[in-house]
Each structure stands twice: as structure tokens, then as C-alpha cells.
Amino acid sequence: MEAIRNLKIKTSTCKRIVKELHSYEKEVEREAAKTADMKDKGADPYDLKQQENVLGESRMMIPDCHKRLESALADLKSTLAGLEETTGPEVEDAKKTVADVEKQFPTEDA
């Protein structure tokens, strides 16, 4: 069934973006620690500036991931709404994913 296949794809997309978001959050922590360490050790100003740029780029990815996650979640919800009468493991997985994402990242409409 095409609708179930679509649902599986959208569920996987949400899960992937959540993983990506967590990865960027960890990267920001690592880069912030590295930047602070470089400042403490009195690193070369050019190297410090480059490290701050890396940190800034990592920080910019978090809002981007949030936007993509909100969009993917809305897409998943609309697909799920179209399958109200359907049951199965894919539908249950999609509902669980929606609940998990909304719990971790509350949106304005949730």
C-alpha cells in the first residue's frame, strides 16, 4: 500500500532529523569546550577566530534542524491523519514517533 510506504518514509525522516539534532547539540558542546580551552591556553588569535567560526556554524545548524523537524513532524501528522482507519506496526511506530518528538521538542501547536 502506497500510503503505508509513505508513512514509513516520513517516520524515518523524523527519527533521522532527531538524531541529527542531537548530534549537532553534542558538536556544539565539544566545540564550545575546545574554544574555551584555546582561550585559556592563550592560543593564536587567528586559530581562535577560526575555532569561533566553527562553533558559530555548528550553532547555526540547531535552529535549521528544529525547522526541518517541525516541518517533517507536521508532514507525518497529516499523513497519519489520512490513515485514521488503518492499523498496523507502521501506524503504531508513526504514532510513537510523533509522541516522542512532541515530548522532546514541544512546538507551539502541541
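**Entry 1: Glu25**

I looked up Glu25 and found this residue in helix H1. The model I am reading is a predicted one. I noted a relative accessibility of 27% for Glu25, so this residue counts as partly exposed. I then took the separation of Glu25 from Ser12: the two stand 13 residues apart in sequence, and their C-alpha atoms are 20 Å apart in space.

**Entry 2: the annotated stretch**

I turned to the UniProt record, an unreviewed entry, which places the feature "coiled-coil region" at residues 14-41. I checked what the model shows over that stretch. Residues 14-41 are 96% helix and 0% strand. The C-alpha atoms at the two ends of the stretch are 41 Å apart.

**Entry 3: H1 against H2**

I next asked how helices H1 and H2 are placed. Their axes come within 8 Å and cross at roughly 160 degrees. Angles over 145 degrees count as roughly antiparallel, and H1 and H2 are therefore roughly antiparallel to each other. I recorded the crossing of H1 past H2 as left-handed. By class, the residues of this contact divide into 20 nonpolar, seven polar and 13 charged.

**Entry 4: H1 against H3**

I repeated the check for H1, which spans residues 2-40, and H3, which spans residues 89-104. The two axes come within 10 Å, with a crossing of roughly 30 degrees. Angles under 35 degrees count as roughly parallel, and H1 and H3 are therefore roughly parallel to each other. H1 passes H3 in a left-handed crossing.

I listed the residues that make this contact. From H1 they are Ile4, Leu7, Lys8, Thr11, Cys14, Lys15, Val18 and His22. From H3 they are Glu90, Val91, Asp93, Ala94, Thr97, Val101 and Gln104. Sorted by class, the contact of H1 with H3 has seven nonpolar, four polar and four charged residues.

**Entry 5: H2 against H3**

I then examined H2, residues 45-81, together with H3. These helices pack at an angle of about 145 degrees, and their axes are 11 Å apart. The crossing of H2 and H3 is left-handed. On the H2 side I recorded Leu69, Leu73, Leu76, Lys77 and Leu80. On the H3 side I recorded Val91, Ala94, Lys95, Thr97, Val98, Val101 and Glu102. The contact of H2 with H3 has eight nonpolar, one polar and three charged residues.

**Entry 6: Thr11 and Thr97**

I wished to know whether two threonines at these contacts are buried or exposed, and began with Thr11. Thr11 lies in helix H1. The relative accessibility of Thr11 is 2%, so this residue counts as buried. Setting aside residues up to four places away in sequence, I found that Thr11 touches Leu76, Asp93, Ala94 and Thr97.

Thr97 lies in helix H3. At 5% relative accessibility, Thr97 also falls under the 20% limit and therefore counts as buried. With the same residues set aside, Thr97 touches Thr11, Cys14, Lys15 and Leu76. I noted that Leu76 appears among the partners of Thr11 and among those of Thr97. Leu76 is one of the H2 residues in the contact of H2 with H3.

**Entry 7: Val91**

I looked up Val91, which lies in helix H3. The relative accessibility here is 1%, so Val91 counts as buried. Apart from neighbours within four places in sequence, Val91 is in contact with Ile4, Leu7, Leu80 and Thr86. I took one distance as well: Val91 and Leu80 are eleven residues apart along the chain, with their C-alpha atoms separated by 7.3 Å. Val91 takes part in the contact of H1 with H3 and in the contact of H2 with H3.

**Entry 8: Glu90**

My last query concerned Glu90, placed in helix H3. At 26% relative accessibility, Glu90 counts as partly exposed, whereas the adjoining entry, Val91, counts as buried. Which residues does Glu90 contact, leaving aside its neighbours within four places in sequence? I found Ile4, Leu7 and Lys8. Glu90 and Lys8 are 82 residues apart in sequence, yet their C-alpha atoms are 6.3 Å apart in space. I noted that Ile4 and Leu7 are also contacts of Val91.

Terms used. Residues numbered from 1 in each chain as written. Predicted model: local features only at pLDDT ≥ 70, side-chain atom pairs only at ≥ 80, totals over all residues. Heavy atoms only, no water. Axes fitted to C-alpha atoms, helices over the stretch in contact; angles between N-to-C directions. Helix = DSSP H or I, 4+ residues; strand = E, 2+ residues; numbered from the N terminus. Parallel < 35°, antiparallel > 145°, perpendicular 65-115°, else oblique. Left-handed = near helix turned anticlockwise from the far one by under 90°. Contact = heavy atoms within 4.5 Å. Nonpolar A, V, L, I, M, F, W, Y, C, P; charged D, E, K, R; others polar. Buried < 20%, exposed > 50% of the residue type's maximum accessible area, 1.4 Å probe, protein only. UniProt positions renumbered as here; feature names shortened; annotations may be inferred.
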